[in-house]
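Trainee: I have a chain on my screen and some questions about it. Can we go through it step by step?
Mentor: Go ahead. Put it up.

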Amino acid sequence: SVQRYMNLYDGHQFAIAPLASSPFAECKSNLKILEAGAKGLPIICSRTLPYDTPDMRRVVRFAETEHYWRECLIKLLDPQRAADEGASLAEHVRKHYNLKTVNEHRRQILEG
C-alpha cells in the first residue's frame, strides 16, 4: 500500500535501480535515488537519464557494464562502506530535495 511503500527498503544494505536507456526512461524521475537517500541506503543506478545527472555523480554509483555492476555490488557488501555511502546520499537528498513535496506529488498521482 502507499502508506507502507517505503518499508520495502527496510532491512537492506543497498538499493539498485537498473533502467534501460530510452526516450521513455528519460521522461521518468530520479525518485528511486531520492527514496534510497531517504532511507540512508547507497544505490547503484544505470548510467542513464534520469539518474545520471551532475548533482548525483558524487553520491550515487553508476554502472554501465555487467562487470561494473558486479564490482559495485561487491564493494557495497562491505557494511561500513555501504553505511558511509548511504549517509552521504541521505545528506545530499535532505540538502537538495524537498521530500515532502516529492511525496505529496506522488500521493496525488496515486490517488488521481
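Trainee: How far apart are the mean positions of the positive and negative charges of the chain?
Mentor: Keep in mind that this is a predicted model. The chain has 16 positive and 14 negative charges. Take the mean position of each set, and the separation is 3 Å.

Trainee: What pattern does the chain follow along the sequence?
Mentor: Start with the inventory: 5 helices and 3 strands. Read along the sequence, they give β-α-α-β-β-α-α-α.

Trainee: Why does the radius of gyration agree with a compact globule, and what is its value?
Mentor: The C-alpha atoms fill a box of roughly 40 × 30 × 25 Å along the principal axes. A compact globule of 112 residues would have a radius of gyration near 13 Å. The chain agrees with that, because its value is 14 Å.

Trainee: What share of the accessible surface belongs to carbon and sulfur atoms?
Mentor: Of the 112 residues, 34% count as buried. The accessible surface of the chain comes to about 7200 Å². The carbon and sulfur share of that surface is 55%.

Trainee: What percentage of the contacts with a separation of 6 or more comes from residues 24 or more positions apart?
Mentor: Count the chain's contacts with a separation of 6 or more. Then keep those between residues 24 or more positions apart. They account for 65%.

Trainee: Which element gives the most residues to the largest nonpolar core?
Mentor: Nonpolar side chains tend to be buried together in soluble globular proteins. Here the largest core has 18 residues, and Ile33, Ile43, Cys45, Tyr51, Met56, Val60 and Leu89 touch the most other members. Strand E1 (15–17), helix H2 (31–38), strand E2 (43–46) and helix H4 (79–96) each supply at least two residues. With 3 residues, the top contributor is H2.

Trainee: How many residues are in the second core?
Mentor: This core is separate from the largest one. Ile44, Ala63, Cys72 and Ala82 are among its members. Its residue count is 6.

Trainee: Which residues does Met56 touch, beyond those up to four places away in sequence?
Mentor: Met56 is one of the core residues that touch the most other members. Set aside the residues up to four places away in sequence. The list is then Asn30, Ile33, Leu34, Tyr51, Phe62, His92 and Tyr97.

Trainee: Is Cys45 buried or exposed?
Mentor: Cys45 lies in strand E2. Beyond its sequence neighbours within four places, Cys45 is in contact with Ala17, Ile33, Tyr51, Val60, Arg61, Phe62, Ala63 and Trp69. Its relative accessible area is 0%, so Cys45 is buried.

Trainee: How far is Cys45 from Cys72, C-alpha to C-alpha?
Mentor: The two are 27 residues apart along the chain. In space, their C-alpha atoms are separated by 9.9 Å.

Trainee: Why does Ser46 count as buried?
Mentor: Ser46 is also found in strand E2. Leaving aside neighbours within four places, its contacts are Ala17, Pro18, Leu19, Tyr51, Phe62, Ala63 and Trp69. Buried means under 20% relative accessible area. Ser46 counts as buried because its relative accessibility is 9%.

Trainee: Which residues does a cis peptide bond join?
Mentor: Most peptide bonds are trans. In this chain, one with omega of about 15 degrees is cis. Pro50 lies in the loop between E2 and E3. The cis bond joins Leu49 and Pro50.

Trainee: Which residues is Asp52 in contact with, leaving aside neighbours within four places?
Mentor: Asp52 sits in the loop between E2 and strand E3 (61–63). Asp52 is buried, at 12% relative accessible area. Its contacts are Arg47, Arg57 and Phe62.

Trainee: What is the relative accessible area of Arg57?
Mentor: Arg57 is found in the loop between E2 and E3. Arg57 touches Arg47, Asp52 and Phe62, with residues up to four places away not counted. Arg57 is partly exposed, because its relative accessible area is 46%.

Key. Residues numbered from 1 in each chain as written. Predicted model: local features only at pLDDT ≥ 70, side-chain atom pairs only at ≥ 80, totals over all residues. Heavy atoms only, no water. Helix = DSSP H or I, 4+ residues; strand = E, 2+ residues; numbered from the N terminus. Rg over C-alpha atoms; globule rule 2.2 N^0.38 Å. Buried < 20%, exposed > 50% of the residue type's maximum accessible area, 1.4 Å probe, protein only. Contact = heavy atoms within 4.5 Å. Areas by Shrake-Rupley, 256 points an atom, 1.4 Å probe, with all protein chains shown as cover. Lys, Arg positive; Asp, Glu negative; His and termini not counted. Charge placed at Lys NZ, Arg CZ, Asp CG, Glu CD. Core = buried A, V, L, I, M, F, W, Y, C linked by side-chain atoms within 4.5 Å.
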